[in-house]
Number of protein chains: 2
Amino acid sequence: MTTHAPSEAAGKPQGFAPHDHKSCVSTALQTAEAYCAANGLRLTPVRRKVLEILLQEHKAMGAYAVLERLSEEGYGSQPPVAYRALDFLVTNGFVHKIARLNAFIACAHPGSEHAPAFMICRSCDTVAEASTALPSGALSSAAQETGFRIEQTVIEAEGTCPACIEKENA
Amino acid sequence: MTTHAPSEAAGKPQGFAPHDHKSCVSTALQTAEAYCAANGLRLTPVRRKVLEILLQEHKAMGAYAVLERLSEEGYGSQPPVAYRALDFLVTNGFVHKIARLNAFIACAHPGSEHAPAFMICRSCDTVAEASTALPSGALSSAAQETGFRIEQTVIEAEGTCPACIEKENA
DNA sequence: GTTCCCCATGTGATTTTATAACATTCGTCT
DNA sequence: AGACGAATGTTATAAAATCACATGGGGAAC
């Protein structure tokens, strides 16, 4: 029995607003499968499992946390197993890396090209993805001025999420 | 003789445009000294040296690269020596950390409050700082919508700098 | 259908980055 | 002088990431 267990019980997942998490996991997996099929990519068992783990947890996870889950499920237990699967998923846009945290999180808007931006709560560690169609303002204007060609962007804000601001004031 | 040696000879420093590097090093050190004096901060010899090293190199350096330079100059040779000095400099805005590279770079606009943004060339490893007064567009609007309070931002673009685009086309 | 090759996986070892914990020194205030 | 707090030095360890090489499976070429 290795398919999606609820896992909802633990921590406090979600972006900043609640939603139907179980269906969002299976929908995202289907989207990934369809995308791979259409583009000649191989969503192998390890890769699929890593994506599933990240979708279920619905928060940023370190590579070693993913690896632990993987090995519990019967996959290899050495770092390259996790890193290689993560590389594949990041390269193809199913997962994003949060540079600030050395951690990974499932994409909230799979399938569409986007420059992801993240809001990271220092208090509860929740990470919300705010996708933007284009590279962000100041950066793109600076790039245009200097003639720099942007290939990838890392846009992350650290701060306090609405729920934790609430708590502070209580 | 441990004061600023030229070091200009090596690699290819600078933002993307050349400038009077030697004077920019000493100016920045003076600015830092003045700021610390005015704010009751202690720019101790190690801290000053680390800042000087980063200013001289004028590129992103890993903590261990800084540490090596430090120990050559007669300071401690263990990681905490470098990390602590770097923490101080980052906290007080004299140095920025490039999350994407796990590296540090001297601030190009010391003294003024700013949300730094960086352009990192994959080809020659040059890093240019494009300071912005306010948190970048997409991020700040997303934060406002959701009620997220931004405390710090990481904004980095990876790509190709003008000089390297030039080379490609040659 | 077999052979070959590429790609993915598994594993062991190592490198790189960062922090914990504790002793020592130095300046300052009293 | 004595007491305190901040900064430094040192030992050790933790966390994150990569290297190098062996194995296996699935298609394409023949």
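**Exercise 1. Characterise the surface near DNA strand C by residue class and by contributing elements.**

Step 1. By class, this surface holds 11 nonpolar, six polar and three charged residues. Ala, Val, Leu, Ile, Met, Phe, Trp, Tyr, Cys and Pro count as nonpolar, Asp, Glu, Lys and Arg as charged, and the others, Gly among them, as polar. A residue is near the strand if its C-beta atom, placed from the backbone, lies within 6 Å of it.

The model is predicted: local features need pLDDT of at least 70, side-chain atom pairs count only at pLDDT 80 or more, and totals for chains, interfaces and linings use all residues. Residues are numbered from 1 along each chain as its sequence is written, while chains are lettered from A and ligands numbered from 1 in the order in which they are written.

Step 2. Of the 20 residues around DNA strand C, those that come nearest are A:T44, A:V46, A:G76, A:Q78 and B:P79.

Step 3. At least two residues each are supplied by α2 (45–57) and α4 (79–91) of chain A and by α3 and α4 (79–91) of chain B. The most comes from α4(A), with five residues. Helices (H or I, at least four residues) and strands (E, at least two) are DSSP runs, numbered from the N terminus.

**Exercise 2. Describe the contact between chain B and chain A.**

Step 1. Chain B brings 33 residues to the contact and chain A brings 33 residues; two residues are in contact if their C-beta atoms, placed from the backbone, lie within 7 Å.

Step 2. On the side of chain B that touches chain A, β3 (117–121), α5 (137–146), β5 (149–160) and α6 (162–169) of chain B each supply at least two residues. Of these, β5(B) gives the most, with 12 residues.

Step 3. That side of chain B divides into 19 nonpolar, nine polar and five charged residues.

Step 4. Strand β5 (residues 149–160) of chain A runs antiparallel to β5(B), and 11 bridges join them. Strands pair if DSSP finds at least two bridges between them. Across from A:E158 stands B:Q152 in β5(B).

**Exercise 3. Set out the elements of chain A and analyse the pairing of β1(A) with β2(A).**

Step 1. Chain A has six helices and five strands, in the order α-α-α-α-β-β-β-β-α-β-α from the N terminus on.

Step 2. Strand β1 (residues 95–98) of chain A pairs with β2(A) in the antiparallel sense over four bridges, and A:K97 stands opposite A:F104 in β2(A).

Step 3. The two strands β1(A) and β2(A) form a hairpin with four residues between them, and A:N102 in the turn has a positive phi of about 45 degrees.

Step 4. In a regular strand the side chains alternate between the two faces of the sheet. From strand β2 (residues 103–106) of chain A, A:A103 and A:I105 point one way and A:F104 and A:A106 the other way, and all are buried. A residue is buried if 20 or more other C-beta atoms lie within 10 Å of its own, exposed if 12 or fewer, and partly exposed in between, with C-beta atoms placed from the backbone.

**Exercise 4. Locate B:H58 and B:N102 and state the burial of each.**

Step 1. B:H58 lies in the loop between α2 (45–57) and α3 (63–72) of chain B. Its phi is near 55 degrees, a positive value in a residue other than glycine. B:H58 is buried because 23 other C-beta atoms lie within 10 Å.

Step 2. B:N102 occupies the loop between β1 (95–98) and β2 (103–106) of chain B, and its phi, near 45 degrees, is likewise positive in a residue other than glycine. B:N102 has 13 C-beta neighbours inside 10 Å and therefore counts as partly exposed.
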